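Could you walk me through this structure, one selection at a time? I have it open in a viewer and would like to know what to click next and what is there.

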Amino acid sequence: PFTVIGGGRFETAKTRFERLGEEAGAGLRRFEGSSSHFLPSVHLRYDLTPELVARASWSNTTARPDPENVYANESRDDVARTITRPNPGLEPLTSENFDASLDWYFGPLSYLSVGAFKKNIDNYPLVTQSNVTIDGELYEQFTTQAGASGKIEGFEAAFRHQFDKLPGLLGGFGLEPNYAHINSTLIFAPRPDRPPLAEQP
């Protein structure tokens with residue numbers, strides 16, 4: 001009743017990007033970069049009973065930064081007084097993930113599942129804002145910073161029940177509610193308040 005599946009993936013990526021220079025007549029500018037990651041994982045399953053299953057896993061994942069945040073031209077809006085700058089120093093995001101769940105199967109298509117999760121993130125792509133003065137005018141400057149990290153943790157529950165004992169077409173109806181509670185934290189030295197990560201529910 002106990003199963004262990006382990007593995008690892010080695011991922012390497014090479015990028016090359018060409019764009020016109022910011023100044024007129026500057027021609028093409030070329031950017032090149034590479035990254036390599038070994039991503040191990042272990043997945044555990046234990047059948048407490050034929051209907052009750054416990055699962056746990058540890059895994060590692062990565063994601064390359066948005067090319068627009070790395071290689072794009074600097075842009076300036078003199079009406080809105082904003083500047084957007086790329087950051088060629090950005091590195092791929094990496095995440096160490098922990099997941100655990102307990103699943104109860106009480107029918108062919110019915111189950112109740114509760115679980116918890118945690119993700120430790122490095123190289124989180126954090127957009128920062130600063131003020132700069134150009135020709136006596138104050139501008140808001142935006143750029144994506146390297147060196148930020150974060151955490152995401154929470155729990156979730158899901159229930160599914162098929163009304164297969166109802167007559168006729170009613171037997172095709174079912175109920176499937178689910179709930180997730182998520183907390184996230186930004187870890188970045190200039191932000192001692194540790195706000196939530198952006199774009200998280």
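Here is a short tour of pockets, a cavity, a surface patch and some salt bridges.

**Before you start**

This is a predicted model, in which local features need pLDDT of at least 70 and side-chain atom pairs count only at pLDDT 80 or more, while totals for chains, interfaces and linings use all residues. Residues are numbered from 1 along each chain as its sequence is written, and side-chain values use heavy atoms, with hydrogens and water left out.

**Stop 1: the largest pocket**

A pocket here is an open set of points on a 1 Å grid over the protein atoms alone, with protein on both sides within 12 Å along at least five of seven lines; a cavity is a set of points where a 1.4 Å probe fits but cannot get out, and lining residues have an atom within 4 Å of a point. Grid points are joined across faces, edges and corners, and a volume is the space filled by probe spheres set on the points.

The largest pocket holds about 450 Å³ of space. Select Tyr 124, Pro 125, Leu 126, Val 127 and Ala 198: of the 21 lining residues, these are the closest to the pocket's centre. Next, colour strand β7 (residues 110–134), which gives the most to this lining, with six residues. Helices (H or I, at least four residues) and strands (E, at least two) are DSSP runs, numbered from the N terminus.

What classes of residue make up the lining of the largest pocket? It has 15 nonpolar, three polar and three charged residues. In this scheme Ala, Val, Leu, Ile, Met, Phe, Trp, Tyr, Cys and Pro count as nonpolar, Asp, Glu, Lys and Arg as charged, and the others, Gly among them, as polar.

**Stop 2: the second largest pocket**

Now select Thr 15, Gly 33, Arg 64, Pro 65 and Tyr 71, which lie nearest the centre of the second largest pocket, out of 18 lining residues. The space in this pocket is about 280 Å³. Show β1 (2–20), β2 (28–47) and α1 (67–71), since each supplies at least two residues of the lining. β1 has the largest share, five residues. By class, the lining has nine nonpolar, four polar and five charged residues.

**Stop 3: the cavity**

How many cavities of 30 Å³ or more does a search of the whole structure find? There is one, with about 30 Å³ of space. Select Glu 11, Thr 12, Ala 13, Ser 35, His 37, Thr 62, Arg 64 and Pro 92 to see its lining. The elements giving two or more residues to this lining are β1 and β2, and β1 has the largest share, with three. The lining divides into two nonpolar, four polar and two charged residues.

**Stop 4: salt bridges**

Side chains of opposite charge can pair when their charged atoms come close. A salt bridge is a side-chain nitrogen of Lys or Arg within 4 Å of a carboxyl oxygen of Asp or Glu. The whole structure has nine of them.

Keep Glu 11 and Arg 64 selected: they form a salt bridge, with the closest N and O atoms 3.8 Å apart. Glu 11 lies in strand β1 and Arg 64 in the loop between β3 (52–63) and α1, so the pair ties together parts that are 53 residues apart in sequence. Add Arg 9, and you have a network of salt bridges linking Arg 9, Glu 11 and Arg 64.

Move on to Glu 137 and Arg 81, whose side chains meet in a salt bridge at 3.5 Å, N to O. Glu 137 is in strand β8 (residues 137–162) and Arg 81 in the loop between β4 (75–77) and β5 (82–85), 56 residues apart.

Another pair to select is Arg 160 and Glu 176, also joined by a salt bridge (3.5 Å, N to O). Arg 160 lies in strand β8 and Glu 176 in the loop between β9 (174–175) and β10 (178–187), so this salt bridge ties together parts 16 residues apart in sequence.

**Stop 5: the nonpolar patch**

Finally, turn on the surface and select Phe 2, Val 4, Val 42, Leu 44, Tyr 46, Leu 48, Leu 102 and Val 114, which make a nonpolar surface patch of about 660 Å². Patches are made of residues with over 30% relative accessible area and no salt bridge, with like charges joined within 9 Å and nonpolar side chains (Val, Leu, Ile, Met, Phe, Trp, Tyr) within 5 Å. Accessible areas come from the Shrake-Rupley method with a 1.4 Å probe, and for residues only the protein chains shown count as cover. β2 gives the most to this patch, with three residues.
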